[in-house]
Amino acid sequence: MSHSIDIDAIFTEDRCNPPTERCLPWRESKSGISVVVEPKPHWADDLRVFRLDRPEYCFYADWLADGCRARFYGHIDTCGADLLLKARTMLVREIADGLWDEVA
């Protein structure tokens with residue numbers, strides 16, 4: 001690997017895609033609440049939004065429509081910060097394995 005690859009650049013490039021085509025989680029804020037949006041797996045009806053600091057989630061459509069008034073449900077162990085950390089860890093591992101080229 002001849003060039004250093006910036007993980008933040010990978011996140012930025014992924015964010016250029018429409019929400020339903022993104023592969024990495026991203027952060028959004030609305031009505032004073034920050035959340036992390038989980039990319040949509042092929043089998044899901046909608047994306048999920050996780051509170052940044054609490055293990056709670058709601059559906060992306062509800063978040064877009066209602067912001068902080070959206071109904072959040074408890075999740076056993078995942079919050080938005082965990083999703084971002086897992087994605088960054090995955091990218092570090094993939095870069096180390098040579099699976100990424102320089103991001104344009």
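Reader: Let's start with Glu38: does this residue count as buried or exposed?

Author: The labels come from relative accessible area: buried is under 20%, exposed is over 50%, and partly exposed lies in between (1.4 Å probe, protein chains only). Glu38 comes out at 19%, so it counts as buried. Before we go on: this is a predicted model, where local features need pLDDT of at least 70, side-chain atom pairs count only at pLDDT 80 or more, and totals for chains, interfaces and linings use all residues. Residues are numbered from 1 along each chain as its sequence is written, and side-chain values use heavy atoms, with hydrogens and water left out.

Reader: Which side chain meets Glu38 in a salt bridge?

Author: A salt bridge here is a side-chain nitrogen of Lys or Arg within 4 Å of a carboxyl oxygen of Asp or Glu. For Glu38 the partner is Arg48, at 3.0 Å from N to O. The pair ties strand β2 to strand β3 (residues 48-51), with the two positions ten residues apart in sequence. Strands are DSSP E runs of at least two residues and helices are H or I runs of at least four, numbered from the N terminus. Arg48, at 26%, counts as partly exposed.

Reader: How many salt bridges turn up in the whole structure?

Author: The search finds four. One of them joins Asp8 and Arg88, with the closest N and O atoms 3.1 Å apart. That one spans 80 residues, from helix α1 to helix α3 (residues 80-96). Asp8 is partly exposed at 42%, and Arg88 is partly exposed at 33%.

Reader: Which residues are linked in a network of salt bridges?

Author: Arg51, Arg54 and Glu56. Between Arg51 and Glu56 the closest N and O atoms are 3.6 Å apart. Arg51 is buried at 12%, while Glu56 is partly exposed at 22%.

Reader: What about a buried charge with no salt bridge: how far from Asp14 is the nearest side chain of opposite charge?

Author: Check the charge bookkeeping: Lys and Arg count as positive, Asp and Glu as negative, and His and the chain ends are not counted. Asp14, in helix α1 (residues 7-15), is buried, and the nearest opposite charge is Arg22, 5.5 Å away. Contact means heavy atoms within 4.5 Å. Outside its neighbours within four places in sequence, Asp14 touches Arg22, Cys23 and Leu24.

Reader: And which phi looks odd for Ser31?

Author: Ser31 has a positive phi of about 55 degrees, though it isn't a glycine. It sits in the loop between β1 (26-30) and β2 (33-38), and at 47% Ser31 counts as partly exposed.
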